[in-house]
Amino acid sequence: MTELAYAQIGDHQLMAKLTKEFENQLQYSQDKALEVFGQIETEASKVNTLESKALLNYVKSLRYLKMDKVRDSAVHYAKKSYLAHKRLNDTISQFKDINLLYKCFLSTSERDSAFYYASKELELARLIGNKELLGRANLDMGDVYYITRQYGKVKSFRNRALSLAYEQGAKRLLSDAHLKVGQTHINLSKKRTKKNLDSAIYHGYKALSYAKATNYGYGIYHSTVVLTDFLNTSKRHHEALQLIETITNLPQDKVPLNYGYNAPFYYATILKDNKKYEKAKAITQQLLRSTPSEDFSRRKALNYFLSVLYAYNQQPDSTDYAIKQAITASNAQDVVKINAGISQLQTQYETKEKEQEIKLLEQGERLKSLEIRELQRQRLILGYALLVPLVLIIVGGWYLNRRRLKLQLVTEQTENAIKLSELRALRSQMNPHFIFNALNSIQEYIFSNDKTLASSYLVKFSRLIRMYLEHSRVLEISIAEEIEALKLYLFLENSRMDNELCYTVNVDEQLDINQNILPPLFLQPYVENAIKHGLLHKKGSKQLHISFRHNKPDNTLDISIKDNGIGIEASKKYNSNRPYKPFATDANAHRLELMNFKRTKKISLKIIDLKNDDNVSKGTEARIQIPL
């Protein structure tokens, strides 16, 4: 091995050591973390290896997530790090990258993406055969189900993580898992019974002991604060005070950043419960002095708490002052909310006002048209009328008929307005949903290639989005436009699947594809379902066939979307563990119902589970029939 190769190994080991130091400092000091980040950048510039690039992208992602709070950039660099570690076949680092992506989306409660990456954690941990990583993945999956309020699954995943931690003997994981299980006993219980509280306290003490056994600094602090909460909730105030005082005098560089405010405030609360009002007051006043003036929510909470302490201390003037300060902060907070609400209401009002003007104009024009036609008919009758009584009858009939037409028009306009508003609302929901799915489909492919190739695919994606935006402004598009959009979408999906998808789009030669008869983006959700629920989980050849045919006897456009995927029943099993219901299918069903409203000839849809002679699923077909 050459001297340069030995030097590069040394540089890489130094970067790995600095990366661990950066992860540690992020918990305690952003200034020190920035210093370490600068050292990592300097070291990365010295050696141009894939390992150094992967580590640099990893720490960049951590910085954007934890320090700069820019989630999109954090996701970008985490994916670059993942792709590099995948090329290096470094599965442990791949797991860390996926875990970082999971945290990016969990931080903004984007449950579908968080669920996706938690699932990838489970999959990779099983592949590696590492029980500690599998335990971490189970804890993460439990947190996803917690934000979706599926509490039965939360308990199941957290208990599974605890079992894996004991099997592996991983003490840090044991600390984290015990704490999560303890929180489950309190947070997910309908009633905080003594049994639940005792169980939570038991797991809290276990978490603290395992954290101390490995000198797990963050774990010691975190489990101490949470265990103190368990004890205080159980009205074991003196025990809670003794426990939290073990961490109150720690040096500042040993206090996790996210506890810089919460732990002292909680300490003051426990002091109050132990009737140590003066000390609680001093801590709260110090917190208030360090709270930014624009943080109205925190200032409100602190002042209300101070007013309670002053009241216990029999200081009525100070109590009144603290309450007034809390009310001032609350009012300022309300003003911010009200201004945002006013802006939103103003936009809604202007939109509704314009829609009302259009509706009134349409109603007036329709009424005039109906009156003209009715008058023409009545004049023709009157032209043949020779007798006055007959004329009177016709005039009376005209008057009554005119009233009937007005009532009919009002009813019709009301029904149409309701359906139109529902359709507009539905389309406004489908637009961001489609953009999100399209971005998820191509962004990993873009990040994994060189700039030229990435630019090429970005151009195709921008074309698809521009086409989609143009289509969203009209009620109908041509078959040719829909086919062009579908081909672009399929190209991007296929690139994400490493070109494993074999797809065809066949069009009947006798069909006029320039007819404007298709609702925009009507077919895309069914194609998406075929790929994501039928073909994604299939092993071997993945085929998708889309056909457009003119059915002359019925004078309809017959569309078939057929895949050779796993079928409906198998797909249901895969989706049974998802923490949310797919949006596109329900949205399209609702949209189809609205489009068929007032149609004489309805658009029909059939979903068929294709079977072979042995009654084994061989795919799924969506058949759509649209009257021409």
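What follows is a chat between a colleague and a modeller about the structure above.

Colleague: Before we start, what kind of model is this?

Modeller: Residues are numbered from 1 along each chain as its sequence is written, and side-chain values use heavy atoms, with hydrogens and water left out. Local features need pLDDT of at least 70, side-chain atom pairs count only at pLDDT 80 or more, and totals for chains, interfaces and linings use all residues, since this is a predicted model.

Colleague: How many helices and strands does the protein chain have?

Modeller: Helices (H or I, at least four residues) and strands (E, at least two) are DSSP runs, numbered from the N terminus. Counted that way, the protein chain comes to 22 helices and 7 strands.

Colleague: What share of the residues counts as buried?

Modeller: Buried means under 20% relative accessible area, exposed over 50%, and partly exposed in between, with a 1.4 Å probe and protein chains only. The protein chain has 628 residues, and the buried share is 41%.

Colleague: In what order do the strands of the open sheet run?

Modeller: Two strands pair if DSSP finds at least two bridges between them. The open sheet has 5 strands with mixed pairing, and their order is 2-4-5-7-6.

Colleague: Which strands stand at the edges, and why is one side of each left without a neighbour?

Modeller: An edge strand here has a single partner strand, so one of its sides has no neighbour in the sheet. That is the case for strand 2 (501–507) and strand 6 (604–611).

Colleague: What does the twist average from one strand to the next?

Modeller: Axes are lines fitted to C-alpha atoms, for helices over the stretch in contact, and angles run from 0 to 180 degrees between N-to-C directions. From one strand to the next, the twist averages 15°.

Colleague: Which helix packs on the sheet?

Modeller: Contact means heavy atoms within 4.5 Å. The helix in question touches strand 2, strand 4 (542–551), strand 5 (556–563), strand 6 and strand 7, and its direction makes about 150° with that of strand 4. It is helix 20 (residues 524–535).

Colleague: Which residue stands opposite Ile546?

Modeller: Strand 4 and strand 5 pair in the antiparallel sense over 8 bridges. Their hairpin has 4 residues between the strands, and Asn555 takes a positive phi near 50° there. Opposite Ile546, in strand 5, stands Ile561.

Colleague: How many residues of strand 5 are buried?

Modeller: Strand 5 is also joined to strand 7 by 8 bridges, and the two run antiparallel. In that part of the sheet, Asp563 stands opposite Thr620 in strand 7. Strand 5 is mostly covered, and its buried residues number 7 of 8.

Colleague: What stands opposite Leu610 in strand 7?

Modeller: Strand 6 and strand 7 (residues 617–627) run antiparallel and are joined by 8 bridges. The residue opposite Leu610 is Gly619.

Colleague: How far apart are the end C-alpha atoms of helix 7?

Modeller: The expected span of a helix is 1.5 Å times one less than its number of residues. Helix 7 (residues 131–147) has 17 residues, so it should span 24 Å; this agrees with the distance between its end C-alpha atoms, 25 Å.

Colleague: Why is helix 7 said to be largely enclosed, and which helices help cover it?

Modeller: 12 of its 17 residues are buried, so helix 7 is largely enclosed by the rest of the structure. Those buried residues include Leu133, Leu139 and Tyr145. What covers them includes helix 5 (91–106), helix 6 (111–128), helix 8 (151–168) and helix 9 (171–187).

Colleague: Which residue follows helix 3 with a positive phi?

Modeller: Helix 3 (residues 50–68) has 19 residues and reaches 25 Å from its first C-alpha to its last, close to the 27 Å expected. Among its buried residues are Ser52, Tyr58 and Met67. Just after helix 3, with a phi of about 60°, comes Lys69.

Colleague: Is Thr228 buried or exposed?

Modeller: Thr228 lies in helix 11 (residues 217–233). Not counting residues up to four places away in sequence, Thr228 touches Ala240, Leu243, Ile244, Tyr266 and Ile270. At 0% relative accessibility, Thr228 counts as buried.

Colleague: What separates the C-alpha atoms of Ala329 and Asp295?

Modeller: Ala329 lies in helix 16 (residues 316–384) and counts as buried at 8% relative accessibility. Ala329 and Asp295 are 34 residues apart along the chain, and their C-alpha atoms are separated by 8.5 Å.
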